[in-house]
Amino acid sequence: MLGSKNAIANIAVRNLDTARRFYEGTLGLKAVGTEGEELVAFKSGTSTLYVYRSEHAGTNRATAVTWEVGKQVDKLVRELKAKGVAFEHYDLPGLKVEGDVHVGEGMRIAWFKDPDGNILSIVSG
């Protein structure tokens with residue numbers, strides 16, 4: 001039923017201006033629309049990410065969005081780190097941490113947070 005339809009990720013934030021600077025300026029996403037002071041839509045590849053204002057921002061304790069970046073994980077970690085992004089380190093079975101990248105089970109993955117504490121990641125795929 002929904003398998004052939006596009007999905008849109010939704011991220012709750014407290015302050016749209018701060019979020020826009022992070023998603024557009026730091027992550028390099030392109031803003032493609034707004035709904036007043038409540039929502040900014042960003043394009044990421046062929047996907048859309050809705051960043052919307054909510055009092056529940058940052059309350060999700062699991063990964064909210066993952067970007068599949070192929071062999072560019074380490075390069076992107078360096079680039080994001082140079083822009084002030086701090087990376088999270090987790091103790092997860094089957095994965096070891098090499099710098100800021102978790103490695104194992106045939107993948108390389110790095111987790112980081114947006115200004116509201118939403119957990120984001122980049123993965124080798």
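**Strands, a helix and two cores**

Strand β9 and strand β10 (residues 119-123) pair in the antiparallel sense over five bridges, where two strands count as paired if DSSP finds at least two bridges between them, and where strands (E, at least two residues) and helices (H or I, at least four residues) are DSSP runs numbered from the N terminus. The model is predicted, so local features need pLDDT of at least 70 and side-chain atom pairs count only at pLDDT 80 or more, whereas totals for chains, interfaces and linings use all residues. Residues are numbered from 1 along each chain as its sequence is written, and side-chain values use heavy atoms, with hydrogens and water left out.

Within the pairing of β9 and β10, Lys113 stands opposite Ile119 of β10. The hairpin of these strands has five residues between them, and there Gly117 takes a positive phi near 90°. Strand β9 (residues 107-113) also pairs with strand β6 (residues 87-88), in the antiparallel sense and over two bridges, with Phe87 opposite Phe112 of β9. A further antiparallel partner is strand β8 (residues 101-104), joined to β9 by three bridges, and here Val103 has Arg108 as its bridge partner. Two residues separate β8 and β9 in their hairpin, where Glu105 takes a positive phi near 50°.

Helix α2 (residues 73-82) has Val73, Leu76, Val77 and Leu80 as its buried residues, buried being under 20% relative accessible area, exposed over 50% and partly exposed in between (1.4 Å probe, protein chains only). Seen down the axis of α2, these buried residues fall within an arc of 105°, so they line one face of the helix; the arc is that of the directions from the helix axis to the C-beta atoms. The face turned away from this buried side carries the exposed residues Arg78 and Ala82. What covers the buried residues of α2 includes α1 (16-26), β6, β8, β9 and β10.

Another part of the model is an open sheet of four strands in the order β1-β4-β3-β2, with mixed pairing. Because β1 (8-13) and β2 (30-35) stand at the edges with a single partner strand each, one side of each is left without a neighbour in the sheet. The partner strand β3 (residues 39-44) pairs with β2 in the antiparallel sense over five bridges, and Lys30 stands opposite Lys43 of β3.

We can now turn to the interior. The largest nonpolar core has 27 residues, and those with the most contacts inside it are Tyr23, Leu49, Val51, Trp67, Phe112 and Ile122; such a core is a set of buried Ala, Val, Leu, Ile, Met, Phe, Trp, Tyr and Cys residues joined through side-chain atoms within 4.5 Å. Apart from this core lies another, of five residues, among them Leu95, Trp111, Ile119 and Val123.

The structure also holds four aromatic pairs. One of them, formed by Tyr23 and Phe42, is tilted, with 6.0 Å centre to centre and 35° between the planes, and this pair links distant parts of the chain, Tyr23 in helix α1 and Phe42 in strand β3, 19 residues apart. The rings of Tyr90 and Trp111 have their centres 5.3 Å apart and their planes at 80°, so this pair is edge-to-face. For such pairs, the ring centres of Phe, Tyr and Trp (its six-membered ring) lie within 6.5 Å, and planes under 30 degrees apart count as stacked, over 60 as edge-to-face and the rest as tilted. Trp111 is buried, with a relative accessible area of 9%, whereas Tyr90, at 28% relative accessibility, counts as partly exposed.

How values were computed:
Contact means heavy atoms within 4.5 Å.
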